[in-house]
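Got your viewer open? Load the model, set it to cartoon, and keep the selection box handy for a short walk around.

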Amino acid sequence: MNHIWDTLAADWPMIVEKMGEHMYLSLISVLMGGIIAIPLGIYLTSRKRMADTIITVVSAIQTIPSLALFGFMIPLVGIGTTPAIIALTLYAVLPMLQNTYVGINGVHPSLIEAGTGMGMTKWQMMKMIQLPIARSVIMAGVRLVAVQTISLTTIATYIAAGGLGDIITRGIAMINTVTIMEGAIPVSLLVISVNFILLLLNRALTPKGLRHLNKF
């Protein structure tokens, strides 16, 4: 037990540094994925013929093994943080796109008819009816992406992007369980913390009158 604490104390500065790199890669990738996916999902709700094609194309990216996708980035943009963020962003798009599309389309038609009867424009209905009701479904997609991205970022070490994957791969190379745990446990704690924060954020953003509809 003393050996574990001694190793942890000696490696603590490196763990903090790698955790910072890991959070940077994950956060930027989720933000970029959201900037692409949520507006696109909103747009596709009014272009349903186009929606199936685009969602199918985006789904195809998810079929590429993560390690291979990181590898494909090397001849295109080299190694480091840029290819890692591009690859993680590509993986982040589908869950948020699909949840945005499904969440908005899942709004009960009677509410749309009520909005139309009140003379609302399409934008007003989207802003005042559809998006508030679909928010919990969209946020479920964001939470899924955040969890997925934090876990996937460990692979970014193979293209020299840094993060906690550096510690895990070093531990594997040394066949050292303590070193592997120094990388794996912070990843798990980040996943749990971010998921909990997003859950609270979703609850805070949902109007009290709609919280009984929140199933996620």
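Two residues are in contact here when they have heavy atoms within 4.5 Å of each other. Keep that in mind for every stop below. One caveat before you start clicking: this is a predicted model.

**Whole chain**

Select everything and colour by secondary structure. You should find eight helices and zero strands, so to speak an α-α-α-α-α-α-α-α run along the sequence. Along the principal axes, the C-alpha atoms fill a box of roughly 70 × 40 × 20 Å. Now recolour by pLDDT: the chain averages 89, and 94% of the residues score at least 70. Among the elements, H4 has the highest mean pLDDT, 94, while helix H5 (residues 109–117) has the lowest, 86.

Switch on a surface next. Its accessible area is about 11900 Å², with 71% belonging to carbon and sulfur atoms. Of the 216 residues, 40% count as buried. For charges, show the 13 positive and 8 negative side chains; the centres of the two sets lie 24 Å apart. If you like contact maps, take those contacts between residues at least 6 apart in sequence: 75% of them join residues at least 24 apart.

**Thr 89**

Hide the surface and select Thr 89, which sits in helix H4. Is Thr 89 buried or exposed? Its relative accessibility is 6%, so it counts as buried, the cut-off being under 20%. Expand the selection to its contacts beyond four places in sequence and you pick up Ser 29, Met 32, Gly 33 and Ile 36.

**The largest nonpolar core**

Which residues touch the most other members of the largest nonpolar core? Select Met 96 and Leu 97: those are the two, out of 17 residues in that core. Helices H1 (2–44), H2 (48–62), H4 (81–105) and H6 (122–152) each give two or more residues to this core, and H4 gives the most, with six.

Zoom in on Leu 97. Skipping neighbours within four places in sequence, Leu 97 is in contact with Ala 37, Leu 40, Gly 41, Leu 44, Ile 55 and Val 58. Apart from this core lies another one, of 14 residues; to find it, select Phe 70, Met 73, Ile 159 and Ala 161, which are among them.

**Lys 48**

Go to helix H2 and select Lys 48. It's partly exposed, because its relative accessible area is 48%, between the 20% and 50% cut-offs. Add Tyr 101 and Asn 105, which Lys 48 touches, not counting residues up to four places away in sequence. Put a distance label between the C-alpha atoms of Lys 48 and Tyr 101: it should read 9.6 Å, for a pair 53 residues apart in sequence.

**Two positive phi values**

Last stop, the backbone. Most residues other than glycine have a negative phi. Select Ala 160 for an exception: its phi is near 60 degrees. Ala 160 is in the loop between H6 and helix H7 (165–174), and it counts as exposed because its relative accessible area is 52%.

Then move to Ile 175, with a positive phi near 50 degrees. Where is Ile 175? It lies in the loop between H7 and helix H8 (177–205). At 75% relative accessibility, Ile 175 is exposed too.

Technical notes: Residues are numbered from 1 along each chain as its sequence is written. This is a predicted model: local features need pLDDT of at least 70, side-chain atom pairs count only at pLDDT 80 or more; totals for chains, interfaces and linings use all residues. Side-chain values use heavy atoms; hydrogens and water are left out. A nonpolar core is a set of buried Ala, Val, Leu, Ile, Met, Phe, Trp, Tyr and Cys residues joined through side-chain atoms within 4.5 Å. Buried means under 20% relative accessible area, exposed over 50%, partly exposed in between (1.4 Å probe, protein chains only). Helices (H or I, at least four residues) and strands (E, at least two) are DSSP runs, numbered from the N terminus. Accessible areas come from the Shrake-Rupley method with a 1.4 Å probe; for residues, only the protein chains shown count as cover. Lys and Arg count as positive and Asp and Glu as negative; His and the chain ends are not counted. The place of a charge is taken as NZ of Lys, CZ of Arg, CG of Asp or CD of Glu. pLDDT is the predictor's confidence in each residue, from 0 to 100.
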